[in-house]
Amino acid sequence: MTVTEAPVDRPPESPSGTGDRTETLGPPESRGRTQIAGRVLERIAGQALTEIDQAGGASRRVLGVPLGRDDLDSGPQVSAHVDGALATVRMNVSVVYPAPVREVTRNLRTHVMERISGLTGIQVRQVDIDVAHLVPPAEHGRRVL
């Protein structure tokens, strides 16, 4: 008794013989889509906040009393919403006193927009910044006992 094998449908080999199948798959843009979650943008914005001088995170407060560590060292409070290729970001930050608050927030807003669009390709439509606390400057090398 003779057994015959059924022919197997295989994609044609590339001329180089390396088995590259990109010709049969089509261009990368047509293979699917990539979704970036808002949590990713929150992490990028939080990291961008640490890259700006005179700005930092804002610890959560109850009746004006901080629940965490110092404001500049605490993690940033950031929320982000992605809608297709557009995003909105909301940040709760602290600013070192007596830095000009408008200038610090303007620099922060620009930096966050550039970092998110540069890393993800998502255009940030709006960055809302709430300055929750003014932090006194750290006294370097001076200690009163």
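These exercises work through a predicted model, with strand S5 and Ser94 at the centre.

**Exercise 1. Find which strands pair with S5, and in which sense**.

Solution.
- Step 1: Start with S1, residues 55-57. S1 and S5 pair in the antiparallel sense, over 3 bridges. Within this pairing, Gly57 has Val93 of S5 as its bridge partner.
- Step 2: Go on to S4, residues 77-83. S4 and S5 are also antiparallel, and 7 bridges link them. Ser79 stands opposite Arg90 in S5.
- Step 3: Turn to S6, residues 123-135. S5 and S6 run parallel, joined by 11 bridges. Val96 has Val135 of S6 as its bridge partner.

**Exercise 2. Describe how the chain connects S5 to S4 and to S6**.

Solution.
- Step 1: Look at the S4 side. S4 and S5 form a hairpin, with 2 residues between them. Gly84 sits in the turn and has a positive phi of about 70°.
- Step 2: Look at the S6 side. S5, H3 and S6 make up a β-α-β unit. The unit is right-handed.

**Exercise 3. Place Ser94: is this residue buried or exposed, and what does its side chain meet?**

Solution.
- Step 1: Locate the residue. Ser94 belongs to strand S5, which covers residues 86-96.
- Step 2: Check the accessible area. The relative value for Ser94 is 0%. Buried means under 20%, so Ser94 is buried.
- Step 3: Check the side chain. A polar atom of the Ser94 side chain lies 2.7 Å from the backbone oxygen of Gly57. The cut-off for a polar contact is 3.5 Å. Gly57 is also the bridge partner of Val93.
- Step 4: Check across the sequence. Ser94 and Leu134 are 40 residues apart along the chain. Their C-alpha atoms are separated by 5.7 Å.

**Exercise 4. Judge the confidence: which element has the highest mean pLDDT, and which the lowest?**

Solution.
- Step 1: Take the whole chain. The average pLDDT is 79, and 68% of the residues score at least 70.
- Step 2: Compare the elements. Helix H3, residues 101-120, has the highest mean, 96. Strand S2, residues 61-62, has the lowest, 54.
- Step 3: Look at residues 140-145. Their pLDDT is below 50. Beyond near neighbours in sequence, this stretch has 0 contacts in the model.

Conventions:
Residues are numbered from 1 along each chain as its sequence is written. This is a predicted model: local features need pLDDT of at least 70, side-chain atom pairs count only at pLDDT 80 or more; totals for chains, interfaces and linings use all residues. Side-chain values use heavy atoms; hydrogens and water are left out. Helices (H or I, at least four residues) and strands (E, at least two) are DSSP runs, numbered from the N terminus. Buried means under 20% relative accessible area, exposed over 50%, partly exposed in between (1.4 Å probe, protein chains only). A polar contact is a pair of N or O atoms within 3.5 Å; within protein, one must be able to donate a hydrogen and the other to accept it, and residues adjacent in sequence count only if both atoms are side-chain atoms. pLDDT is the predictor's confidence in each residue, from 0 to 100. Contact means heavy atoms within 4.5 Å. Two strands pair if DSSP finds at least two bridges between them. A crossover is right-handed if, with the strands pointing away from the viewer, the path from the first strand over the helix to the second runs clockwise.
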